[in-house]
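Colleague: Hey, I've just opened this one and don't know my way around yet. Can you walk me through it?

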Amino acid sequence: MITHSRTLAMIVVCAMPLTALAHVKLTGSIPAAGSTGAAPSQLVLVFNEPTQLVSVSMTRNGAAARKLENLPEGAAARFVLPAGKLEPGAYTVDYRIMGAD
């Protein structure tokens, strides 16, 4: 009986979808969230595993979002993106990603 229980448990664990076990997360950024100072010339996004950027946009003080163009096409864990000319103010960066697998 014990052998069957172990075998059944292993089958259940092995049958779990791998996508449920892996989630891409942002682990860092430059500038860091909440930072202040001079406007950056670039934006750096660091993820815990390789991923593909689908879209990145920046919104200043609730104004219309500005979509960043010419995103890298390949998968990576670290992306360096030109920020362009930024006016003074608080910005929110929104991104969409797709797992590399």
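**The pocket and its surroundings**

Modeller: Sure, let's start with the largest pocket: strand 1, strand 2 and strand 5 (91–99) each put at least two residues into its lining. Keep in mind that this is a predicted model.

Colleague: Which strand gives the largest share of that lining?

Modeller: Strand 5 does, with four residues.

Colleague: And what volume does the largest pocket have?

Modeller: About 570 Å³. The lining has 24 residues, and those closest to the pocket centre are Pro31, Ala32, Ser35, Tyr91 and Val93.

Colleague: How does the lining divide into nonpolar, polar and charged?

Modeller: You get 16 nonpolar residues, seven polar ones and one charged.

Colleague: Back to Pro31 for a sec. Where is it?

Modeller: Pro31 sits in the loop that links strand 1 (26–30) to strand 2 (42–60). Have a look at the bond leading into it as well: the peptide bond from Ile30 to Pro31 is cis, with omega near 0 degrees.

Colleague: What about Ala33, buried or exposed?

Modeller: Ala33 counts as exposed because its relative accessibility is 77%, and the cut-off for exposed is over 50%. Ala33 is also in the loop between strand 1 and strand 2. Its C-alpha is 9.8 Å from that of Tyr91, and the two residues are 58 apart along the chain.

Colleague: Okay, zooming out. How many helices and strands are there in the protein?

Modeller: One helix and five strands. Reading from the N terminus, the order is α-β-β-β-β-β.

Colleague: And how much of the protein is buried?

Modeller: Of its 101 residues, 17% count as buried. The exposed surface comes to about 7,400 Å², with carbon and sulfur atoms supplying 59% of that.

Colleague: What share of the contacts join residues at least 24 apart?

Modeller: If you take contacts between residues at least 6 apart in sequence, 62% of them join residues at least 24 apart.

Colleague: Which residues make up the largest nonpolar core?

Modeller: There are 12 in it: Leu43, Leu45, Phe47, Leu53, Val56, Met58, Leu68, Leu71, Phe79, Leu81, Ala83 and Leu86. Strand 2 and strand 4 are the elements that give two or more residues to this core. Strand 2 gives the most, with six residues.

Colleague: Let's pick Met58 out of that list. Why does it count as buried?

Modeller: Met58 has a relative accessible area of 6%, and buried means under 20%, so Met58 qualifies. You'll find Met58 in strand 2.

Colleague: What does Met58 touch?

Modeller: Leaving out residues up to four places away in sequence, Met58 touches Ala64, Ala65, Arg66, Leu68, Ala83, Leu86, Tyr91, Thr92 and Val93. Take Ala83 from that set: Met58 and Ala83 are 25 residues apart in sequence, and their C-alpha atoms are 8.8 Å apart.

Colleague: Thr59 comes right after it in the sequence, so to speak. Is Thr59 buried or exposed?

Modeller: Thr59 counts as buried, because its relative accessibility is 15%. Thr59 lies in strand 2. Beyond four places in sequence, Thr59 touches Ala65, Ala90, Tyr91, Thr92 and Asp94.

Colleague: How far apart in space are Thr59 and Tyr91?

Modeller: They are 5.4 Å apart from C-alpha to C-alpha, with their positions 32 residues apart in sequence terms.

Colleague: And Ser55, which residues does it touch?

Modeller: Not counting residues up to four places away in sequence, Ser55 touches Lys67, Leu71, Asp94, Tyr95 and Arg96. Ser55 is in strand 2. Ser55 counts as buried because its relative accessibility is 15%.

Colleague: Last one: what's the phi of Asn70?

Modeller: Positive, at about 55 degrees, although Asn70 is not a glycine. Asn70 is in the loop between strand 3 (66–67) and strand 4 (76–82).

Colleague: Is Asn70 buried or exposed there?

Modeller: Asn70 counts as exposed, because its relative accessibility is 76%.

Methods: Residues are numbered from 1 along each chain as its sequence is written. This is a predicted model: local features need pLDDT of at least 70, side-chain atom pairs count only at pLDDT 80 or more; totals for chains, interfaces and linings use all residues. Side-chain values use heavy atoms; hydrogens and water are left out. Buried means under 20% relative accessible area, exposed over 50%, partly exposed in between (1.4 Å probe, protein chains only). Contact means heavy atoms within 4.5 Å. Accessible areas come from the Shrake-Rupley method with a 1.4 Å probe; for residues, only the protein chains shown count as cover. On a 1 Å grid over the protein atoms alone, a cavity is a set of points where a 1.4 Å probe fits but cannot get out, and a pocket is an open set with protein on both sides within 12 Å along at least five of seven lines; lining residues have an atom within 4 Å of a point. Grid points are joined across faces, edges and corners, and a volume is the space filled by probe spheres set on the points. Ala, Val, Leu, Ile, Met, Phe, Trp, Tyr, Cys and Pro count as nonpolar, Asp, Glu, Lys and Arg as charged, and the others, Gly among them, as polar. A nonpolar core is a set of buried Ala, Val, Leu, Ile, Met, Phe, Trp, Tyr and Cys residues joined through side-chain atoms within 4.5 Å.
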